[in-house]
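Trainee: Please take one part of this model and examine it closely, and then set it in the context of the chain around it.

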Amino acid sequence: MKKLFSKEAVIGIVTAISLFVLYLGVNHLKGINIFKPTNQYYVLMPNVSDLQNSSPVFVDGFKVGIVNSIQYEYENPLSHSIVVQISLDKSMKLQTGSYVELKSGLTSGAYLDMKLNHYVSTYCHPGDTIHGIADISLMEKISNEFMPQIENLLPRLDSILAGIQFIVNHPALTQSLEQIEMTTVHLQKSSKQLNLLLSNEVPVILNNLGKVSSDFTTVSENLKGMDLQGTLNTVDGALQNIDQMTKQLNNPDSSLGLLMKDRNLYDHLDSTALNASRLLLDIRERPKRYVHFSVF
């Protein structure tokens, strides 16, 4: 059977396919889709710092194209002497008066931001030249805006550091730190003692409280079993008897009342007691006067 392709033809076909696939891969890495129709425009830029081939072109944050090439106009070195060729989606329409602004991000690098002129109804044609401006880079903003402020802040920062150093080296601060350290040590000791108290004493106290509560329960049950009403009635009768006795003592017609309130009876009793005392004294001093002994 005769071969359809020779060995050399097969090698050529494989090489062509490989080169085509390589071309597609490189353009894909660059963000270029060769199968997608695009329109070419030219942008005159005064500065293309950090801008590269395949840098994105955005409209309101949406990617609509890429940068194809960057060329310098050596024959016409004017302020806008750098020509940037961009490829935009074919469906993207540019109004006349639109312009491109060069911007740069911290991580994304430089890119082109398309500013559309929405106030007109006429459009640019593919191949037209668009005006471009260069935005101030982040480092330039820092250099122009923040560096003067930082320079003005440096003398104050020096005085602030000197004040901080004075405070740090002041003996009062050292003394305060030592006192704080001592307070911390005391707090640690107190915490240990509290933990010891909670672990040893509190269970004993709780146990004693349990016993006291049990005793109170027993006492309460005993009180429930007692005849409190009968006891109160007995106490009430005793108080009534005492009240009656008190009334009799205070009554001048009763015997007890006469004994307590009759002055003459008191005087007679006092005189009788005095005479009896004298008689006993005389009997002790002169017993022979009252007692006689006779043997025969």
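Mentor: Asp50 is found in the loop between strand 1 and strand 2, the latter covering residues 56-59. The model is a predicted one, and every value that follows is computed from it. The backbone of Asp50 has a phi near 70°, a positive value in a residue other than glycine. Most residues other than glycine have a negative phi. Asp50 counts as exposed because its relative accessible area is 53%, and the cut-off for that class is over 50%.

Ser54 lies in the loop between strand 1 and strand 2 as well. Its phi is near 75°, again a positive value in a residue other than glycine. In terms of cover, however, Ser54 is buried, since its relative accessible area is 18% and the limit for burial is under 20%. The loop thus holds an exposed residue, Asp50, and a buried one, Ser54, each with a positive phi.

Strand 1, on one side of this loop, comprises residues 38-45 and is joined to strand 4 by eight bridges, the two running antiparallel. Within that pairing, Tyr41 stands opposite Ile86 of strand 4. Strand 4 also pairs with strand 3 (residues 62-72): seven bridges connect them, and this pair is antiparallel too. Here Gly65 is the residue that stands opposite Leu88 of strand 4. Strand 4 itself spans residues 82-89 and is mostly covered, with eight of its eight residues buried.

Ser87 offers a detailed view of strand 4, in which it has its place. Ser87 is buried because its relative accessible area is 7%, against a limit of under 20%. Beyond its neighbours within four places in sequence, Ser87 is in contact with Thr38, Asn39 and Gln40, and also with Val64, Gly65, Ile66 and Asn68. With Gln40 there is in addition a polar contact between the side chains, at 2.7 Å. Ser69 lies 18 residues from Ser87 along the chain, and their C-alpha atoms are separated by 9.6 Å.

A further loop, between strand 6 (109-115) and strand 7 (129-134), contains Asn117. Asn117 counts as buried because its relative accessibility is 18%. Its side chain reaches the backbone oxygen of Thr96 at 3.0 Å. Apart from neighbours within four places in sequence, the contacts of Asn117 are with Gln95, Thr96, Gly97 and Ser98.

As to the chain as a whole, it has six helices and seven strands. Read from the N terminus, their order is α-β-β-β-β-β-β-β-α-α-α-α-α. Of its 296 residues, 15% count as buried. Among contacts between residues at least 6 apart in sequence, 58% join residues at least 24 apart. The accessible surface comes to about 23,600 Å², and carbon and sulfur atoms account for 61% of it.

Confidence remains to be considered. The mean pLDDT of the chain is 77, with 78% of its residues at 70 or more. Strand 2, which follows the loop of Asp50, has the highest confidence, at 91, whereas helix 5 (residues 255-261) has the lowest, at a mean of 63.

Terms used. Residues are numbered from 1 along each chain as its sequence is written. This is a predicted model: local features need pLDDT of at least 70, side-chain atom pairs count only at pLDDT 80 or more; totals for chains, interfaces and linings use all residues. Side-chain values use heavy atoms; hydrogens and water are left out. Buried means under 20% relative accessible area, exposed over 50%, partly exposed in between (1.4 Å probe, protein chains only). Helices (H or I, at least four residues) and strands (E, at least two) are DSSP runs, numbered from the N terminus. Two strands pair if DSSP finds at least two bridges between them. Contact means heavy atoms within 4.5 Å. A polar contact is a pair of N or O atoms within 3.5 Å; within protein, one must be able to donate a hydrogen and the other to accept it, and residues adjacent in sequence count only if both atoms are side-chain atoms. pLDDT is the predictor's confidence in each residue, from 0 to 100. Accessible areas come from the Shrake-Rupley method with a 1.4 Å probe; for residues, only the protein chains shown count as cover.
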